[in-house]
Amino acid sequence: MRVRLRDNERVVVRTRPHLRAILWPVVRLMLLILVTSIGAGFLNRQHNEPLATIAPVLQWIVIGIGALLALSYGLLPIIRWLSTSVVLTTQRVIVHRQGKDREVPLENVFGVDLRQSMAQKINRSGTLILRTAQGNGIIYNVPAVQTVADLVVEYRDALAPRMVSTDRWAL
């Protein structure tokens with residue numbers, strides 16, 4: 001993914017979601033291939049007369065169902081993972097997912113939080129939450145999430161001071 005940079009902007013971090021995000025799709029894909037192969041192999045054996053006539057048709061049905069399940073539960077999540085990237089520049093955070101860009105300017109971010117499960121703490125990944133006035137920008141499975149969060153805060157603080165109207169905060 002090519003990012004069009006603005007004036008005085010440079011890329012700080014370019015990454016994909018953590019590899020852990022495709023662990024289960026890969027396991028499902030391997031299991032589906034295994035089960036489909038065993039089923040098709042069983043139907044390819046010599047059978048008695050009633051099963052012998054429909055075994056070739058059943059074999060293709062098993063292969064077709066296995067291929068559809070492998071595509072939807074194995075390959076599509078992997079393709080989604082491959083087409084997702086997170087880019088942190090000196091002025092914004094861009095999430096490119098399946099051909100669509102979502103960006104959060106760092107000047108709009110007033111808080112950065114992160115969430116980690118125990119498994120995510122072990123491999124240093126997690127969920128990055130960017131708090132803005134428009135809502136929260138949530139980015140899942142960010143590798144080295146603590147480092148990325150620190151960089152977001154550092155580059156947000158380095159931007160020119162914002163003009164904030166005090167009337168908005170008046171009680």
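Residues 81-144 are 11% helix and 66% strand, and the C-alpha atoms at the two ends of this span lie 17 Å apart. The structure is a predicted model. UniProt, in an unreviewed entry, places the feature "domain: YdbS-like PH" at these residues, 81-144. The same kind of record also marks "transmembrane region" at residues 21-42 and 54-76. The points below take the annotated spans, the core, the empty spaces and some single residues in turn.

**The two annotated transmembrane spans**

- Residues 21-42 are 91% helix and 0% strand. The end C-alpha atoms of this span are 34 Å apart.
- Residues 54-76 are 100% helix and 0% strand. Here the end C-alpha atoms lie 32 Å apart.
- Trp 24 sits in helix α1, which covers residues 23-44.
- Trp 24 counts as exposed because its relative accessibility is 57%, and the cut-off for exposed is over 50%.
- Trp 24 and Pro 77 are 53 residues apart in sequence, but their C-alpha atoms are 9.4 Å apart in space.
- Leu 69 belongs to helix α2, which runs over residues 49-82.
- Leu 69 is partly exposed, at 33% relative accessibility.
- Leu 69 and Arg 28 are 41 residues apart along the chain, with 9.3 Å between their C-alpha atoms.
- Leaving out residues up to four places away in sequence, Leu 69 touches Leu 32 and Gly 74.

**The largest nonpolar core**

- This core has 19 residues. The members that touch the most other members are Leu 88, Val 93, Val 112, Leu 128, Leu 130, Ile 139 and Val 152.
- Five strands each supply at least two core residues: β2 (84-89), β3 (92-97), β5 (109-115), β6 (125-132) and β7 (135-143). Helix α4 (145-158) does so as well.
- Helix α4 gives the most to the core, with six residues.
- Leu 88 shows how parts of the chain meet. Not counting residues up to four places away in sequence, Leu 88 touches Arg 10, Val 11, Val 12 and Val 13. Leu 88 also touches Val 93, Leu 106, Val 148, Leu 151 and Val 152.

**The closed cavity**

- Rolling a probe the size of a water molecule over the atoms shows where empty space is left.
- A search of the whole structure finds one cavity of 30 Å³ or more. The volume of the largest cavity is about 50 Å³.
- The lining of the largest cavity consists of Val 13, Thr 15, Val 86, Leu 88, Val 93, Leu 128, Val 142, Val 148 and Val 152.
- Strands β1 (11-15) and β2 and helix α4 each give two or more residues to the lining of the largest cavity.
- Eight of the lining residues of the largest cavity are nonpolar, one is polar and none is charged.

**The second largest pocket**

- The second largest pocket holds about 240 Å³ of space.
- Its lining has 13 residues. Pro 17, Ala 21, Thr 84, Arg 97 and Asn 141 lie nearest the centre of the second largest pocket.
- Helix α2 and strands β2 and β7 each give two or more residues to the lining of the second largest pocket.
- By class, the lining of the second largest pocket has eight nonpolar, three polar and two charged residues.

**Three loop residues**

- His 18 is in the loop between β1 and α1. His 18 counts as buried because its relative accessible area is 17%, and buried means under 20%.
- Setting aside neighbours within four places in sequence, His 18 is in contact with Trp 81, Asn 123, Ser 125, Asn 141 and Pro 143.
- Most residues other than glycine have a negative phi. The next two residues have a positive phi.
- Gln 98 has a phi near 55°. Gln 98 lies in the loop between β3 and β4 (100-105), and is partly exposed, with a relative accessible area of 46%.
- Arg 124 has a phi near 60°. Arg 124 is in the loop between α3 (118-122) and β6, and is exposed, with a relative accessible area of 53%.

Key: Residues are numbered from 1 along each chain as its sequence is written. This is a predicted model: local features need pLDDT of at least 70, side-chain atom pairs count only at pLDDT 80 or more; totals for chains, interfaces and linings use all residues. Side-chain values use heavy atoms; hydrogens and water are left out. UniProt positions are given in the numbering used here, feature names are shortened, and annotations may be inferred rather than shown by experiment. Helices (H or I, at least four residues) and strands (E, at least two) are DSSP runs, numbered from the N terminus. A nonpolar core is a set of buried Ala, Val, Leu, Ile, Met, Phe, Trp, Tyr and Cys residues joined through side-chain atoms within 4.5 Å. Buried means under 20% relative accessible area, exposed over 50%, partly exposed in between (1.4 Å probe, protein chains only). Contact means heavy atoms within 4.5 Å. On a 1 Å grid over the protein atoms alone, a cavity is a set of points where a 1.4 Å probe fits but cannot get out, and a pocket is an open set with protein on both sides within 12 Å along at least five of seven lines; lining residues have an atom within 4 Å of a point. Grid points are joined across faces, edges and corners, and a volume is the space filled by probe spheres set on the points. Ala, Val, Leu, Ile, Met, Phe, Trp, Tyr, Cys and Pro count as nonpolar, Asp, Glu, Lys and Arg as charged, and the others, Gly among them, as polar.
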